[in-house]
Amino acid sequence: MPNLISRGIFNLLFGSKRKAFASLPGPPPGILGTAGDFLGASPWDVCARYGREYGGVTLIWMGPNPGLVLNDPALIAEVYESPRRMEFEKGNISEQIRPTVTNDTVFIAKLSEDWAERRQMEPMAQPWSSDWLAEQVVPMQAAISESVDALLKEGVHDLTPALRRLTFDAFSVATVGEKMPDQVFEDFMLLAKGADARIQAKLPLKFVKPPKGFDEAKARFYGQFADRVRAARKHPKPHAVDTLSWMLRENPGMDDQMLAHLLGGTFYGGAFSSSVTLVGAFHQLQKHPDAEARLAAEAAALAEGPLSIGKLAGAKWVEAVVLEALRVLPAVRVMTRTPSKDAELAGVTLPAGAMIMISNQHLHRDPAHWPEPDTFKPERWLDGGVARDPLGSGYFFPFGRGPRACTGADFAMLYLKTAVATIAARVKVHVDSTEPFEEGFFFGVVLPKGVTGKLIAREAQASRGVQARSA
């Protein structure tokens, strides 16, 4: 908390401005406003603390500029879902990642401009997307199994980068029908690091330089997809089920460059968030052996014969594990909006450009809504739990809320269920420590640090048990 002198200076300089917001609770501002609360602390932890201390609305000050932290489901719905949502654009994240992605991606498009047009071009917005989705289970399962076999040979892993590459490879198979070369993954990571430097910069973005080789990596990365589009037009595969082949069959008039950009953007839209969700899930399962054993049994039953979207739909424990991981440890925990012009919200008038921070961490663990909120309990999603708290509802929105929620949420859920089922059937993921892991931040996504472990083949695990009983 700022000291009395700091608070006095703020009031001296901006006291008249502060009066218009006197109806709202919040921490007392100092010379830096309340920005000091966020220095050295995770923004999602600060937002969650504000929810506990001040309730659904917290007034913050970014220097002399007022803003809000929202932990109220109704106000969040007003910003995300009501007709008023058109008044609120995404915050700085659109500009921060712009050099890494392309102008064809829906992620950085403005609601007031071409967002609706861009959204209609996305693969998951197509009328055939559910049919395409159903066809991804088998190829992704094969890719994940192949990656697991490779990881089994390597011993101890830092699970975050290991599962990130596994996820990237599975996304590649779904997107272009095959795993992509190491160079493509390396370019993907270099571009992500360039965006992350801008996201975490303390300086104006014009002073943030991209990493060495950034432009060349961008040309190579999106060029890989452009090459595949051209090759697929020359030699179409009538029965291929990857996104590229499906888009060319159903939308043959789409511009080649736009299609290449959409395909490349898929990875930035979900590879980081999906992989860290897997890390969180297996970390929590290590702490709850009964839940892990139940998952292994259901996954083993699923492994009897080819996996399918129908079998996954009946795998309620797999789904419950995924949903609980998304509740306890959502990959994206802070989202921002800003009014494009002066806007009334929470009983005050926010000036254009004001910061609105929306975090799901407090609401995902609100004790007034969730019994034992800090405990990993997949069973809470059984017997009507999914209907009580569907994705995108007031107390559960790991993919955001409303029309501008993550466009790939359905694909992400299918991938996560496929990955959890496939991995659990083949191996036990042994995590070295069940202590809370350190959380960083990368590309707008929570970054688990120090989650090391190894994969133990289920067959080897069973044989060791037989040997122990014989002894």
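This report walks through the fold, the strand pairings and a few single residues of one predicted chain.

Some ground rules before the details. This is a predicted model, in which local features need pLDDT of at least 70, side-chain atom pairs count only at pLDDT 80 or more, and totals for chains, interfaces and linings use all residues. Residues are numbered from 1 along each chain as its sequence is written, and side-chain values use heavy atoms, with hydrogens and water left out.

**The chain as a whole**

The secondary structure adds up to 19 helices and twelve strands; helices (H or I, at least four residues) and strands (E, at least two) are DSSP runs, numbered from the N terminus. Along its principal axes, the C-alpha trace spans about 75 × 60 × 45 Å. The radius of gyration is 23 Å, which agrees with the value near 23 Å that a compact globule of 471 residues would have. That radius is taken over C-alpha atoms, and the globule rule is 2.2 Å times the number of residues to the power 0.38.

How much of the chain counts as buried? The share is 53% of the 471 residues, where buried means under 20% relative accessible area, exposed means over 50%, and partly exposed is in between (1.4 Å probe, protein chains only). If you look at contacts (heavy atoms within 4.5 Å), residues 24 or more positions apart account for 71% of those with a separation of 6 or more.

On the outside, the accessible surface comes to about 20700 Å², and 55% of it belongs to carbon and sulfur atoms. These areas come from the Shrake-Rupley method with a 1.4 Å probe; for residues, only the protein chains shown count as cover. As for charge, there are 53 positive and 53 negative side chains, with the centres of the two sets 3 Å apart. Lys and Arg count as positive and Asp and Glu as negative, while His and the chain ends are not counted; the place of a charge is taken as NZ of Lys, CZ of Arg, CG of Asp or CD of Glu.

**Strands and who pairs with whom**

Strands of a sheet pair through backbone hydrogen bonds, either parallel or antiparallel. Here two strands pair if DSSP finds at least two bridges between them. These are some of the pairs:

| Pair | Sense | Bridges |
|---|---|---|
| β4 and β12 | antiparallel | two bridges |
| β9 and β12 | antiparallel | five bridges |
| β2 and β8 | parallel | three bridges |
| β5 and β8 | antiparallel | four bridges |
| β10 and β11 | antiparallel | five bridges |

One open sheet has three strands in the order β4-β12-β9, with antiparallel pairing. β4 (157–158) and β9 (427–431) are at its edges with a single partner strand each, so one side of each has no neighbour in the sheet. Glycine 453 in β12 is a handy landmark: histidine 157 stands opposite glycine 453, and glycine 453 is also the bridge partner of valine 431.

Strand β8 (residues 356–359) has cover on both faces: Ile356 and Ile358 are buried on one side, and Met357 and Ser359 are buried on the other. In a regular strand the side chains alternate between the two faces of the sheet. On the β2 side, leucine 68 stands opposite isoleucine 356. From β5, valine 334 has serine 359 as its bridge partner.

**Turns and loops to check**

β10 and β11 form a hairpin with two residues between them, and phenylalanine 443 in the turn has a positive phi of about 55°. Phenylalanine 443 is buried, with a relative accessible area of 9%. Further back in the hairpin, glycine 440 has leucine 447 of β11 as its bridge partner.

Alanine 346 also has a positive phi of about 55° although it is not a glycine. Alanine 346 sits in the loop between β6 (343–345) and β7 (348–350). Is alanine 346 buried or partly exposed? Alanine 346 is partly exposed, at a relative accessible area of 24%.

Lysine 212 belongs to the loop between α9 (182–199) and α10 (214–234). Lysine 212 is exposed, with a relative accessible area of 82%. The C-alpha atoms of lysine 212 and leucine 190 are 8.9 Å apart, with the two positions 22 residues apart along the chain numbering.
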